[in-house]
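Here is a short briefing to read alongside the structure. Take a look at the fold before going on to the notes.

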Amino acid sequence: MELRAPIEVGIAVRDLPRMVDFYVRVLGCRKISEIVVPADKTRLNGLATDGCTIVRVETSYGERIKLLAAPSTLPGESPRWLLDRSGLAYLTFIIDDIDGCHARLKAHGVTLASEQPVENRAGIRVLFFSDPEGNVLELVEYADLASYRPDLAKP
């Protein structure tokens, strides 16, 4: 398989306007598009019985996140510990200013998994948090990004 574009991540959500607001206003993504997929198509592809709305947002680096909501989507309960969630998937945002982002998340009342960013290994600080519907997100700051991703090293 040869990709023709960067990977896009889809997240099933319950409250689409609230989630779009969070990803745009709090995380700083840009809304790219909003489309409605009719029920006959979502049934054919196994997404939902009653259609869905898809909003695409884009990060400042160009990655795209698709927020998908169907009228029949029901809320679910999440366990306390992240790795207790069967099938857990989360988004990682590699950033420069984890302390500034941490302060911004706190100012917006975002649910954090820890009180402060945690240095998991020397020079690598992480902060897990949840969007308004409990989807897990991670911020990572590398003191030396080139040691982790040489392809992203700035000349």
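The notes below go from the overall fold to the core, the aromatic pairs and a few single residues.

This is a predicted model. Its chain has 155 residues, 32% of which count as buried. The secondary structure amounts to four helices and nine strands.

**Overall fold**

- Read from the N terminus, the order of elements is β-α-β-α-β-β-β-α-β-β-β-β-α.
- Among the contacts in the chain with a separation of 6 or more, 51% join residues 24 or more positions apart.
- About 10,100 Å² of the chain is exposed, and carbon and sulfur atoms supply 52% of that area.

**The largest nonpolar core**

- As general background, nonpolar side chains tend to be buried together in soluble globular proteins.
- The largest nonpolar core here has 24 residues, and Tyr23, Ile65, Leu67 and Leu139 are the ones that touch the most other members.
- Two or more residues of this core come from each of these elements: helices H1 (16-26) and H3 (98-107), and strands S3 (52-58), S4 (64-69), S5 (91-95), S8 (124-130) and S9 (136-142).
- Helix H1 is the top contributor to this core, giving six residues.
- For a closer view, try Ile65: beyond its neighbours within four places in sequence, Ile65 is in contact with Val9, Ile11, Tyr23, Val55, Arg56, Val57, Thr59, Leu91 and Phe93.

**Aromatic pairs**

- Searching the whole structure turns up three aromatic pairs.
- One of them joins Phe22 and Tyr23 in an edge-to-face arrangement, with 5.4 Å from centre to centre and 80 degrees between the planes.
- Phe22 and Tyr23 are both buried.
- Tyr142 and Tyr148 form a stacked pair, because their ring centres are 4.4 Å apart and their planes are at 10 degrees, with under 30 degrees as the cut-off for stacking.
- The two partners differ in burial class: Tyr142 is buried at a relative accessible area of 16%, whereas Tyr148 is partly exposed at 44%.

**His102 and its surroundings**

- His102 belongs to helix H3.
- With a relative accessible area of 5%, His102 is buried, since buried means under 20%.
- A polar atom of the His102 side chain lies 2.8 Å from the backbone oxygen of Glu115.
- Setting aside neighbours within four places in sequence, His102 is in contact with Glu115 and also with Leu112, Gln116, Pro117 and Leu127.

**Glu58 and its surroundings**

- Glu58 sits in strand S3, and its relative accessible area of 15% makes it buried.
- The Glu58 side chain has a polar contact with the side chain of Arg64, at 2.9 Å.
- Not counting residues up to four places away in sequence, Glu58 touches Arg64 along with Cys29, Arg30, Ile32 and Glu63.

**Cysteines**

- A search of the whole structure finds zero disulfides.
- Cys52 counts as buried at 6% relative accessibility.
- Cys101, by contrast, is partly exposed, with a relative accessible area of 26%.

Methods: Residues are numbered from 1 along each chain as its sequence is written. This is a predicted model: local features need pLDDT of at least 70, side-chain atom pairs count only at pLDDT 80 or more; totals for chains, interfaces and linings use all residues. Side-chain values use heavy atoms; hydrogens and water are left out. A nonpolar core is a set of buried Ala, Val, Leu, Ile, Met, Phe, Trp, Tyr and Cys residues joined through side-chain atoms within 4.5 Å. Buried means under 20% relative accessible area, exposed over 50%, partly exposed in between (1.4 Å probe, protein chains only). Contact means heavy atoms within 4.5 Å. Rings of Phe, Tyr and Trp (its six-membered ring) pair if their centres lie within 6.5 Å; planes under 30 degrees apart count as stacked, over 60 as edge-to-face and the rest as tilted. Accessible areas come from the Shrake-Rupley method with a 1.4 Å probe; for residues, only the protein chains shown count as cover. A polar contact is a pair of N or O atoms within 3.5 Å; within protein, one must be able to donate a hydrogen and the other to accept it, and residues adjacent in sequence count only if both atoms are side-chain atoms. A disulfide is a pair of cysteine sulfur atoms within 2.5 Å.
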